[in-house]
Every structure is written in structure tokens, then in C-alpha cells.
Amino acid sequence: ENSRIKYRLVDDVNGYFSVNEETGAIYLQKPLKESQSKLFHLTVVAEDSGSPSLASNFTFRLEVEDVNDHTPLFDLEKYDLSIDENSKVNSKIFWLRATDEDSGENGRIEYKITAGDNNTFGIFPDGHLFLKMAVDREDQDYFSLGVTASDHGKPSRTSTTTLTIHIDDKNDNAPKFSNRAYEFTINENEQENTYVGRIHAVDGDKGRNAELTYSAEKSQKYFNVDPKTGFIISKAMLDREQLIRDLGSDALTFEVIASDN
């Protein structure tokens, strides 16, 4: 009896552990996921069965090692972003973040563009999205990228999100007329406000940047230009012979300006 030993825990550590009193084997009683602690100190007492009983104790330092059982998670399944078409190359656009409840290498996340145009965009390992080359809304007005977040566990766990990047228009296109010059005819003695013809211009921008207004040079006194439609309208009844006497020609030439808004 003096050498028959029984074991017991001084502290049951909130019921997470137990010890077999005969063998001294320490057992896990419930999942460690329920505990916020990653470090336990277990004090085990060994007592003989003699009389009087003699005892000694030993304290174990028990550290809980992380297992890669969590996948990195993005805040959203997809993101909608907007950037100006005149954004500078190498400028940072957005900081993409995912979270991983693991620790150490199991919780260290790296980001990569795995789908879409990674010639135009790049992403640093820390999730900062940046512009690799200039964008032009008139060439392409949006991009769709697939970004993957991978932890450094073994094996690694990954998740993917989608970024839609809209290119905001800047007024970087001048209006262009459909013809370099227009030629119209009108019969003499036609009434005032007679329709003569139409000029037309287009603008590669959008919205107000592409809304056009037409105007004729102010010194021109024979025709009006409708500012919205580009219609050329006579201001007065014209006499061909009088024009020849006054101007030396029966043809009138003037400039029209198309301006965007």
C-alpha cells in the first residue's frame, strides 16, 4: 500500500481535462474550440496509499497548437468599385481584406488575381489592388476580376470573390463632326426660317460630357444653327443677285462650333 499511487488534478481547468487515478493518463474531456485560452497549466498530485499518505505534485504546461480548420472569408461575395479613367498607373485603388480565425501561418493570408485582366490590374500580397496600366473608358468601361485569398496552412485553404471595376468618364474627347465640310443649297426667295440642312457631331465621352451644343460664328447673319439639333435655318429671305452684288458670290461659307457640356 505504501507504493500504490493514485493521481488527481488539483484544478480541473474548467472541466477540460481529467486524469486516470490509477494510470496517471491525462484525458481531454471536451473540445478545446470552446475555450478562449491557448495555454493551460495542469497540476497533478501523486499520492501513495500508505498511512500517513505522502504526496508530490507536478505542473504541466500545455500549449494548444492551431490546426488549419478555417477558410479565409471576404466581407462580401462581390465588390463594385469605380475609378476615374485618368487614374495614375501604380496608384492603389482598393484594399481588399479577408479574415481567417486561425493563427500563425494558418491565419496569414495572401491575395492573387486568378481571373480577369491582370495585365491592367495587380494586387499586392497584402490585398492592395493597384493599376498596372492606363485605362480608357471609351475602350472598355468596366472590368471583372476574380481574386483568391489563400492562407499559408498545409494544406492551404482558399476562397474567392469577384470585383467589378467601373471606369468613370472624364471629359477627354473633343466632339467630332461626321464630315469635314458640309454643302447645302437653298432656293432664293424662300421664306425666313426655311430648313436648309443638318450638321452632326459625336463625342466619345458619356453623360454631360457627351451632350453637344452647336453654334455659328457671331458675324454670320444669314443662317441660324439650332443649338441642340444642328439644323441650319435661314434668318431671312435671300436674293441671289443681291448676294452677288454684296459679296461677289452666291455661296456663303461660315464655321459652326460643336461644344460638349
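**View 1. Asn 193 lies in the loop between β15 and β16 (195–198).** The model shown in this and the following views is predicted. Asn 193 is not a glycine, yet its phi is positive, near 70 degrees. With a relative accessibility of 54%, Asn 193 counts as exposed, because the class begins over 50%.

**View 2. Asn 90 has a positive phi in a residue that is not a glycine.** The angle is about 75 degrees. Asn 90 belongs to the loop between β7 (78–84) and β8 (92–95). Its relative accessible area of 56% makes Asn 90 exposed.

**View 3. The peptide bond from Ser 51 to Pro 52 is cis.** Omega of this bond is near 0 degrees. Pro 52 sits in the loop between β4 (39–48) and β5 (55–63).

**View 4. Lys 154 and Pro 155 are joined by a cis peptide bond.** Here omega is about 0 degrees. The loop that holds Pro 155 runs between β13 and β14.

**View 5. Phe 121 and Phe 143 form an aromatic pair.** In the whole structure, 12 aromatic pairs are found. In the pair of Phe 121 and Phe 143, the ring centres are 5.1 Å apart and the planes meet at 75 degrees; the pair is therefore edge-to-face, a class that takes angles over 60 degrees. Phe 121 is part of strand β11 (residues 121–123) and Phe 143 part of strand β13 (residues 142–151), so the contact ties together parts of the chain 22 residues apart in sequence. Phe 121 is buried, at 0% relative accessible area. Phe 143 is also buried, at 6%.

**View 6. The rings of Phe 177 and Tyr 214 form a tilted pair.** Their centres are 6.4 Å apart, and their planes stand at 45 degrees; this angle is neither under 30 nor over 60 degrees, so the pair counts as tilted. The pair links distant parts of the chain, 37 residues apart: Phe 177 is in strand β15 (residues 176–177) and Tyr 214 in strand β18 (residues 212–216). Phe 177 is partly exposed at 31% relative accessibility, whereas Tyr 214 is buried at 5%. Both residues belong to a cluster in which ring pairs link Phe 177, Tyr 182, Phe 184 and Tyr 214.

**View 7. The largest pocket has a volume of about 770 Å³.** The pocket is lined by 24 residues, and Tyr 182, Glu 183, Phe 184, Leu 252 and Phe 254 are the closest to its centre. Tyr 182 and Phe 184 are also members of the ring cluster with Phe 177 and Tyr 214. The lining divides into 15 nonpolar, 3 polar and 6 charged residues.

**View 8. The second largest pocket contains about 340 Å³ of space.** Its lining comprises 14 residues; nearest the centre are Lys 33, Lys 38, Asp 66, Asp 69 and His 70. By class, 3 lining residues are nonpolar, 4 polar and 7 charged.

**View 9. Arg 137 and Asp 169 meet in a salt bridge.** The structure holds 10 salt bridges. The distance from N to O between the side chains of Arg 137 and Asp 169 is 3.0 Å. The bridge links distant parts of the chain, 32 residues apart: Arg 137 lies in the loop between β12 (128–131) and β13, and Asp 169 in the loop between β14 (158–168) and β15. Both Arg 137 and Asp 169 are buried. With Glu 138, Arg 137 and Asp 169 are linked in a network of salt bridges.

**View 10. Salt bridges join Arg 108 to Glu 105 and Glu 211 to Arg 208.** Between Arg 108 and Glu 105 the N to O distance is 2.9 Å. Arg 108 is partly exposed, at 41% relative accessible area, and Glu 105 is partly exposed at 43%. Between Glu 211 and Arg 208 the N to O distance is 3.8 Å. Glu 211 is partly exposed, at 37%, while Arg 208 is exposed at 54%.

**View 11. Lys 30 lies over the ring face of Tyr 16, and Arg 97 over that of Trp 95.** Lys 30 is 4.6 Å from the ring centre of Tyr 16. For Arg 97 and the ring centre of Trp 95, the distance is 4.3 Å.

Conventions
Residues numbered from 1 in each chain as written. Predicted model: local features only at pLDDT ≥ 70, side-chain atom pairs only at ≥ 80, totals over all residues. Heavy atoms only, no water. Phe/Tyr/Trp six-rings, centres within 6.5 Å; stacked < 30°, edge-to-face > 60°. Helix = DSSP H or I, 4+ residues; strand = E, 2+ residues; numbered from the N terminus. Buried < 20%, exposed > 50% of the residue type's maximum accessible area, 1.4 Å probe, protein only. Lys NZ or Arg CZ within 6 Å of the ring centre and 35° of its normal. 1 Å grid on protein atoms, 1.4 Å probe; cavity = no way out; pocket = protein on both sides within 12 Å on 5 of 7 lines; lining within 4 Å. Points joined across faces, edges and corners; volume = space filled by probe spheres on them. Nonpolar A, V, L, I, M, F, W, Y, C, P; charged D, E, K, R; others polar. Salt bridge = Lys/Arg side-chain N within 4 Å of Asp/Glu carboxyl O.
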